[in-house]
Amino acid sequence: LHPALLDAALHAIGAGGLVPESDGPLLPFAWSGVSVHATGASTVRVRLAAAGADAVSLTVADSAGQPVASVESLTLRPVSAEQLRKRSGDALFTIEPAPLSLAAEGADGTVVAYVPDLDALAEADGPPQPDVVVVPCPDGPEGVSGAERVRAVTTEVLALVQRWSAEDRTARLVLVARCDDLAHAAAGGLVRSAQAEHPGRVVLLETDRPDEAAALVPGVVRSGEPHVVVREGEAGVPRLVRAAAARTTEDAATGSAGRTDHADDTAAAPAGLGTVLLTGASGALGGTLARHLVTGHGVRRLLLVSRRGADAPGAADLAAELVA
């Protein structure tokens, strides 16, 4: 049973007078006696009945009347607007580099092949077979827009990774990308997705000195890390960590950064700090969320992204409203 289908059925609880009215919305709190009798239903009929002072029962059937699911009791609890506004101070995460030592060690017998692409590797195939194959991230065509270059580079890297994954090789592929390069960053994201599907087969090395990658590769391979970033000679591995509480414009003015006793949690917002990316911004929900970020949380820099962009109906009016 698709969650969206079940959620739509639960919307009828409020209109059916099955539970007492409350000052705030009622949210599902506890499920008991849940049984699934069939799967794959795209259209259902639902019978709701009171099952206590603050609970309902559900019987779900398909369009032919055959049972799909049943719930003996769904207990509901009211939630206040204040509870919905509360935010957890440790719920935000960010990526930070953890230091990594790439100290040189003695030769360990690892055979490393440096090639411009896999075609060159195929031409050079022969004993000894390499344990590691190092390929630079392509730069893409010149004289094109940034978006066209990103598309060209990611398309080429996708073909490279697909070919590598399809070939019967025990070697590891190391892709050397340049830091602070938009197209290479996009290619790096693609490689990280490939790593999730084929763990241990591809390594991503990002560096601000790609011409010196040969000196870095042995240490990177020995580290066993799938992704290493080297900037100004310092190596690190990306790690997910809890983000420190954002210092807001209000905090900067009042010296209240780090406080947890704000009278109104909605006032604690990343006003003027960084850019908030909002996808699907041209839709009704996107526009509502954009307005809420500006008026409710003091966000001053918004990047609105949608399929049709500025050509979407109402996009220009929304932008003008937010700027005003």
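1. Start at the β10–β11 pair. Strand β10 (residues 227-231) and strand β11 (residues 234-242) run antiparallel and are joined by three bridges. One pairing to look up: V229 has G236 of β11 as its bridge partner. Keep in mind throughout that this is a predicted model.

2. The loop between β10 and β11 holds E232. This residue has a positive phi of about 50°, yet E232 is not a glycine. Is E232 buried or exposed? E232 counts as exposed, because its relative accessibility is 66% and the cut-off for exposed is over 50%.

3. Now the whole sheet. It is open and has seven strands, in the order β5-β11-β10-β9-β8-β7-β6. The pairing is mixed. At the edges are β5 (93-99) and β6 (112-114), each of which pairs on one side only. From one strand to the next, the twist averages 30°.

4. Two helices to check against the sheet are α5 and α6. Helix α5 packs on the sheet and touches β8 (172-178), β9 (202-207) and β10. The direction of α5 makes about 155° with that of β9. Helix α6 (residues 213-223) also packs on the sheet, and its contacts are β6, β7 (132-136), β8, β9 and β10. For α6, the angle to the direction of β9 is about 135°.

5. Next, the helix pair. Two packed helices are described by the angle between their axes and the distance between the axes. Helix α4 (residues 146-166) packs with helix α5 (residues 182-197) at an angle of about 30°, and the axes lie 8 Å apart. That angle makes α4 roughly parallel to α5, because angles under 35 degrees count as such. The crossing of α4 and α5 is right-handed.

6. Which residues of α4 and α5 make the contact? From α4 come R149, V150, V153, T154, V157, L158 and V161. From α5 come L182, A183, H184, A186, A187, L190, V191 and A194. By class, the contact of α4 with α5 has 12 nonpolar residues, two polar and one charged.

7. Last, the loop between β8 and α5. D180 sits here. D180 has a positive phi of about 60°, although it is not a glycine. How does D180 stand, buried or exposed? D180 is exposed, because its relative accessible area is 70% and the cut-off is over 50%. Look at D180 alongside E232, which has a positive phi of about 50°.

Methods
Residues numbered from 1 in each chain as written. Predicted model: local features only at pLDDT ≥ 70, side-chain atom pairs only at ≥ 80, totals over all residues. Heavy atoms only, no water. Axes fitted to C-alpha atoms, helices over the stretch in contact; angles between N-to-C directions. Helix = DSSP H or I, 4+ residues; strand = E, 2+ residues; numbered from the N terminus. Parallel < 35°, antiparallel > 145°, perpendicular 65-115°, else oblique. Left-handed = near helix turned anticlockwise from the far one by under 90°. Contact = heavy atoms within 4.5 Å. Nonpolar A, V, L, I, M, F, W, Y, C, P; charged D, E, K, R; others polar. Pairing = 2+ DSSP bridges. Buried < 20%, exposed > 50% of the residue type's maximum accessible area, 1.4 Å probe, protein only.
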